[in-house]
Amino acid sequence: MGNVHSASSCGRPDTAKELLRAAEAGDVQAITSMLQADSRLLFHYSVFGGNSVWHKASKGGHAAVLEALEQAVKQQYEHDNKDLHEVLRPSIMRLGASAADVVTRLINKANVKGFTPLMLACSGNHTEAVAFLVKRGTSWGWLCCATLPATGAAAWFS
């Protein structure tokens with residue numbers, strides 16, 4: 001996986017590595033706990049592959065982790081604590097005017113190889129993760145469409 005880096009690392013590369021590992025393993029409880037402690041972790045990515053927590057969860061087909069990540073983004077827009085907003089909201093506001101905009105932007109970000117979370121979910125035929133990503137406004141791209149199985153694809157969108 002390599003080193004982990006983010007503009008908001010605050011000297012916590014081990015926590016960011018743990019977050020990426022938890023997303024890869026589908027550990028919703030660990031993800032939720034780490035994001036409650038420091039929601040800036042939503043923006044961490046691996047240095048060498050450029051994979052975010054969204055990429056890791058999608059590659060593993062962990063729709064529950066994707067839902068926990070979406071919930072963490074929503075909490076940043078609904079949180080009452082003014083001090084927390086002063087620290088975190090400016091970063092989030094650069095990504096979109098609403099939580100839905102931020103989620104859409106984060107799930108459409110490609111890693112260094114050009115793969116988006118949706119492409120990774122499609123490559124593993126992870127139907128629940130694909131459905132989650134598509135419903136949140138993911139851009140399709142030709143690669144994902146080419147990996148869809150011929151039968152049952154319509155069920156992914158219902």
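## After helix α8

Which residue follows α8, and what is the sign of its phi? That would be G137, with a positive phi near 90 degrees. Keep in mind that this is a predicted model.

As for α8 itself, the helix covers residues 127-135. Its buried residues are A129, V130, A131, F132 and L133. V134 is also in α8, but V134 isn't on that buried list because its relative accessible area is 22%, which makes it partly exposed; the cut-off for buried is under 20%.

## The overall layout

Stepping back, the protein chain has nine helices and two strands. Going along the sequence, the order reads β-α-α-β-α-α-α-α-α-α-α, with a run of helices after the second strand.

The chain has 158 residues, and 39% of them count as buried. On the outside, about 8100 Å² is exposed, and carbon and sulfur atoms supply 52% of that area. What about links across the sequence? Take the contacts in the chain with a separation of 6 or more: 58% of them come from residues 24 or more positions apart.

## The largest nonpolar core

The largest nonpolar core is made up of 31 residues. Inside this core, the residues with the most contacts are I31, L35, V53, W54, L66, L69 and V73. Seven helices show up as the elements giving two or more residues each: α1 (13-25), α2 (28-37), α3 (53-60), α4 (63-78), α6 (99-107), α7 (117-123) and α8. The top contributor is α4, which gives six residues.

I31 is a handy place to look inside this core. Leaving out residues up to four places away in sequence, which residues does I31 touch? The list is L19, A22, A23, V53, V65 and L69. Two of these partners, V53 and L69, are also named among the core residues with the most contacts.

## I107 and its surroundings

Now for helix α6, where I107 sits. Is I107 buried or exposed? I107 counts as buried because its relative accessibility is 0%.

Two C-alpha separations help place I107 in the fold. One is to S58: these two residues are 49 apart along the chain, and their C-alpha atoms are separated by 9.3 Å. The other is to V134, 27 residues away along the chain, with 9.7 Å between the C-alpha atoms. That second pair brings us back to α8, the helix that holds V134, and sets the fully covered I107, at 0% relative accessibility, beside a partly exposed residue at 22%.

Definitions and conventions:
Residues are numbered from 1 along each chain as its sequence is written. This is a predicted model: local features need pLDDT of at least 70, side-chain atom pairs count only at pLDDT 80 or more; totals for chains, interfaces and linings use all residues. Side-chain values use heavy atoms; hydrogens and water are left out. Buried means under 20% relative accessible area, exposed over 50%, partly exposed in between (1.4 Å probe, protein chains only). Helices (H or I, at least four residues) and strands (E, at least two) are DSSP runs, numbered from the N terminus. Contact means heavy atoms within 4.5 Å. Accessible areas come from the Shrake-Rupley method with a 1.4 Å probe; for residues, only the protein chains shown count as cover. A nonpolar core is a set of buried Ala, Val, Leu, Ile, Met, Phe, Trp, Tyr and Cys residues joined through side-chain atoms within 4.5 Å.
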